[in-house]
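Subject: Structure handover

Hi,

Here is the structure we talked about. Please load it first, then read my notes below.

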Amino acid sequence: MIKVSELTYSIAGTPILHDINVTLPAGRITALIGPNGAGKSTLLHLISQQIPFDRGRITMGGLDLAKTTAPARALKMAVVGQQLGVASRIRIRDLVGFGRWPYNHGRPTPKDQEKISEALSHFDLIGLQDRFLDEVSGGQRQRAFIAMASAQDTDWLLLDEPLNNLDLHHARCLMTQLREKVDREGKSVVIVLHDLNYAISWADHVVALDKGSIAFEGPLTEVATTDSLSALYRTPVVFGDLAGKPFVQYHR
Ligand SMILES: Nc1ncnc2c1ncn2[C@@H]1O[C@H](COP(=O)(O)OP(=O)(O)OP(=O)(O)O)[C@@H](O)[C@H]1O
Ligand SMILES: [Mg+2]
């Protein structure tokens, strides 16, 4: 598990996250939800140690992440951020290959090539593997970054709004892949989602952030309710089911 204890983070004196205490369970999909500006991306950045924090502690399976090196962390967690830098003249296969860097330091082995091909295939990129990153669509580029993280083959996968640019087929394929990584390979996933229907359909656990604090967290079926979700988004959210599957309605 990832355990966040008494975490506080400010920017130029403005508190962004206050006294966060939360546990992200291993072997589960955890949906990180909450309104714009709640602090979801900031929390992911802090967990992946891309920015130092003022106070608190983050451990992964008892290991203090602040005391680990970047190469050691790269073997434990892969992260796909909300803003994807576009390294222009790089081919998709080479980008996905960067996911294997922590293992091979730029000298890919046949096993690395196998992992790269597998990730390309899982994210429907085989036909695009020789294309340059700046010559594909937004959703295709997004899938390439997710495939790179997948090829990194870490115990933890942290994804910030990975569905943003994906059509409904590729969004469902991604969630299926994540479910398989968790159920078959014992991996752990933390995923920032805005579409609550993806959260209730695929996640096991939920962490809801609001104004830099934890609003609620726990097993999704216990804590995600009409009342908790409506209060979180200050919007009427109706929780029900559609053709026997859980469904939330909030569009109008
Ligand atoms: N570089 C920065 N300087 C000042 N404030 C910042 C900076 N980056 C983020 N913030 C503020 O920190 C807060 C949390 O931002 P964060 O990006 O974590 O939100 P979020 O929950 O991911 O939102 P979204 O759903 O819009 O992606 C926001 O109020 C934001 O304006
Ligand atoms: Mg964000």
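**What I found**

Ala149 sits in helix α6, which spans residues 138–151. The model is predicted, so keep that in mind throughout. Ala149 is buried, at 4% relative accessibility. Beyond its neighbours within four places in sequence, Ala149 contacts Ala78, Val80 and Leu157. Pro246 is elsewhere: 97 residues from Ala149 in sequence, and 29 Å away C-alpha to C-alpha.

Next, the cores. The largest nonpolar core has 53 residues. Ile33, Ile92 and Leu178 touch the most other members. Helix α6 supplies the largest share of this core, seven residues. Where does this core lie relative to domain 1 and domain 2? Between them, because domain 1 (2–76 + 155–249) and domain 2 (88–153) both give residues to it.

Ile33 has a long contact list. Setting aside residues up to four places away in sequence, Ile33 touches, among others, Lys40, Leu193, Val206, Phe216, Leu229 and Tyr233. There is also a second, separate core of 25 residues. Tyr9, Leu32, Phe53 and Trp156 are among its members.

Last, the metal. Which protein atoms are donors to the magnesium ion (ligand 2)? They are OG of Ser41 and OE1 of Gln82, lying 2.0 to 2.1 Å from the ion. The pair links distant parts of the chain, 41 residues apart. Ser41 is in helix α1 (residues 40–47). Gln82 is in the loop between β6 (77–80) and α3 (92–98). Ser41 counts as buried because its relative accessible area, 19%, is under the 20% cut-off. Gln82 is partly exposed, at 34%.

Best wishes

Note on methods. Residues numbered from 1 in each chain as written. Chains lettered and ligands numbered in written order. Predicted model: local features only at pLDDT ≥ 70, side-chain atom pairs only at ≥ 80, totals over all residues. Heavy atoms only, no water. Donors = N, O, S within 2.8 Å, 3.2 Å for Na, K, Ca; no water. Helix = DSSP H or I, 4+ residues; strand = E, 2+ residues; numbered from the N terminus. Buried < 20%, exposed > 50% of the residue type's maximum accessible area, 1.4 Å probe, protein only. Contact = heavy atoms within 4.5 Å. Core = buried A, V, L, I, M, F, W, Y, C linked by side-chain atoms within 4.5 Å. Domains from an automatic or database assignment.
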